[in-house]
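Colleague: I have a new structure open and would like to go through it with you. Could you take my questions one at a time?

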Amino acid sequence: ASIFDSHGLLTHRCIMAHGVHLQEEDSDLLKKHGTAIAHCPLSNAFFANGTLDCAKFMKRGNKIGLGTDVAGGYSPSMLHASRMAVVASHYIQNHQNNNAPATQTTSILSAPINPKSSRINGSNHAENNKSNNNDADTNANTDTLDYRHAFYLATLGGAEALGLSDKIGTFAIGMELDAFVFSASSSLKSPVVVFDTDSVADVFQKLCTLGDDRNIRR
């Protein structure tokens, strides 16, 4: 990042791809200039010999959007990219847990994303992020992404990375409509199966984790 910075290439209009070797000093430079990161977990698994620690850098306040890197993976689908972002996050956390003190435990974040800062906001949900070691290294990443964080990266996170969050990325009065309409109808013969006891949140999770092009109505 320092090389790009020395040539004046880090700006708020710049999006740096992948970031699999990103260090904290690089993160600080990107934040300073408003430079975003395109997280492409599927192509990283094939060619990058690593993956971005997305949860860590979201917590540090970096702008991150989700990418497919079409030439570097087997699918251009943002649904696949979203799921791979979750898989990559769990892989990183499992690797860290294997090298962490035995007293340190980890759980999936249950907190929502703070859309104004692109951060994982877990401060009000400490009861869901349990740790048996209160003296653990505060720099250690004990967070993993779930389908909600991945959905954010694919929508508002991407809009923020592109500098378009005032126009697209979420539903709000005055925003431009940039959306797909999904259906969970059983008539579609998709992997999504909805039960009478499912809440709206349950259906949303199933669409995020199992939905495919059969569920896209328009």
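**A conversation about the model**

Modeller: Let us begin with one residue, Asp69, which is found in the loop between β3 and α5. Please keep in mind throughout that this is a predicted model.

Colleague: What is notable about the phi of Asp69?

Modeller: Asp69 is not a glycine, yet its phi is positive, at about 45 degrees. Most residues other than glycine have a negative phi.

Colleague: Is Asp69 buried or exposed?

Modeller: Neither term applies, because Asp69 has a relative accessible area of 30% and counts as partly exposed. The cut-offs matter here: buried means under 20%, and exposed means over 50%.

Colleague: Which other residue should I look at for a positive phi?

Modeller: Lys189 is one: it is a residue other than glycine with a phi near 60 degrees. Lys189 sits in the loop between α7 and α8. With a relative accessibility of 65%, Lys189 counts as exposed.

Colleague: Let me step back to the whole chain. How many helices and strands are there?

Modeller: The protein has eight helices and five strands. Read from the N terminus, the order of elements is α-β-α-β-α-α-β-α-β-β-α-α-α.

Colleague: And what share of the residues is buried?

Modeller: Of the 218 residues, 39% count as buried. The accessible surface comes to about 12,700 Å², and carbon and sulfur atoms account for 55% of that area.

Colleague: What share of the contacts joins residues that are 24 or more positions apart?

Modeller: Among contacts with a separation of 6 or more, 64% are between residues 24 or more positions apart.

Colleague: Turning to the interior, which residues touch the most other members of the largest nonpolar core?

Modeller: They are Leu52, Cys54, Met58, Ile64 and Leu153, in a core of 22 residues. At least two residues of this core come from each of α2, α4, β3, α5 (78-98), α6 and α7.

Colleague: Which of these supplies the largest share?

Modeller: That is α4, with four residues of the core.

Colleague: Now charges. How many salt bridges are there?

Modeller: The count comes to eight salt bridges. As background, side chains of opposite charge can pair when their charged atoms come close.

Colleague: Which residue pairs with Lys59?

Modeller: Lys59 forms a salt bridge with Asp143, and their closest N and O atoms are 2.7 Å apart. Because Lys59 lies in helix α4 and Asp143 in the loop between β5 (119-120) and α6 (147-154), the pair ties together parts that are 84 residues apart in sequence.

Colleague: Are these two partners buried or exposed?

Modeller: Asp143 is buried, with a relative accessible area of 4%. Lys59 is partly exposed, at 42%.

Colleague: What is the partner of Glu24?

Modeller: Glu24 forms a salt bridge with Arg60, with the closest N and O atoms 3.6 Å apart. This pair also links distant parts of the chain: Glu24 is in helix α2 (residues 24-33), Arg60 is in the loop between α4 (54-59) and β3 (64-66), and the two are 36 residues apart. Glu24 counts as partly exposed, at 29% relative accessibility.

Colleague: Which residues are linked with Glu24 in a network?

Modeller: Asp28, Lys56 and Arg60 are linked with Glu24 in a network of salt bridges.

Colleague: And what do Asp146 and Arg148 form?

Modeller: Their side chains meet in a salt bridge, with an N to O distance of 2.5 Å. Asp146 is buried, with a relative accessible area of 8%, whereas Arg148 is partly exposed, at 32%.

Colleague: A change of topic: how many disulfides are counted?

Modeller: The count is zero disulfides. As for individual cysteines, Cys14 is buried at a relative accessible area of 14%, and Cys40 is buried at 5%.

Colleague: Finally, which residues form a nonpolar patch on the surface?

Modeller: Ile15, Leu162 and Leu164 form such a patch, with about 240 Å² of accessible area together. Leu162 lies in the loop between α7 (156-161) and α8 (200-210).

Colleague: Why does Leu162 count as exposed?

Modeller: Leu162 counts as exposed because its relative accessible area is 53%, and the cut-off for exposed is over 50%.

Terms used:
Residues are numbered from 1 along each chain as its sequence is written. This is a predicted model: local features need pLDDT of at least 70, side-chain atom pairs count only at pLDDT 80 or more; totals for chains, interfaces and linings use all residues. Side-chain values use heavy atoms; hydrogens and water are left out. Patches are made of residues with over 30% relative accessible area and no salt bridge: like charges are joined within 9 Å, nonpolar side chains (Val, Leu, Ile, Met, Phe, Trp, Tyr) within 5 Å. Accessible areas come from the Shrake-Rupley method with a 1.4 Å probe; for residues, only the protein chains shown count as cover. A salt bridge is a side-chain nitrogen of Lys or Arg within 4 Å of a carboxyl oxygen of Asp or Glu. Buried means under 20% relative accessible area, exposed over 50%, partly exposed in between (1.4 Å probe, protein chains only). A disulfide is a pair of cysteine sulfur atoms within 2.5 Å. A nonpolar core is a set of buried Ala, Val, Leu, Ile, Met, Phe, Trp, Tyr and Cys residues joined through side-chain atoms within 4.5 Å. Contact means heavy atoms within 4.5 Å.
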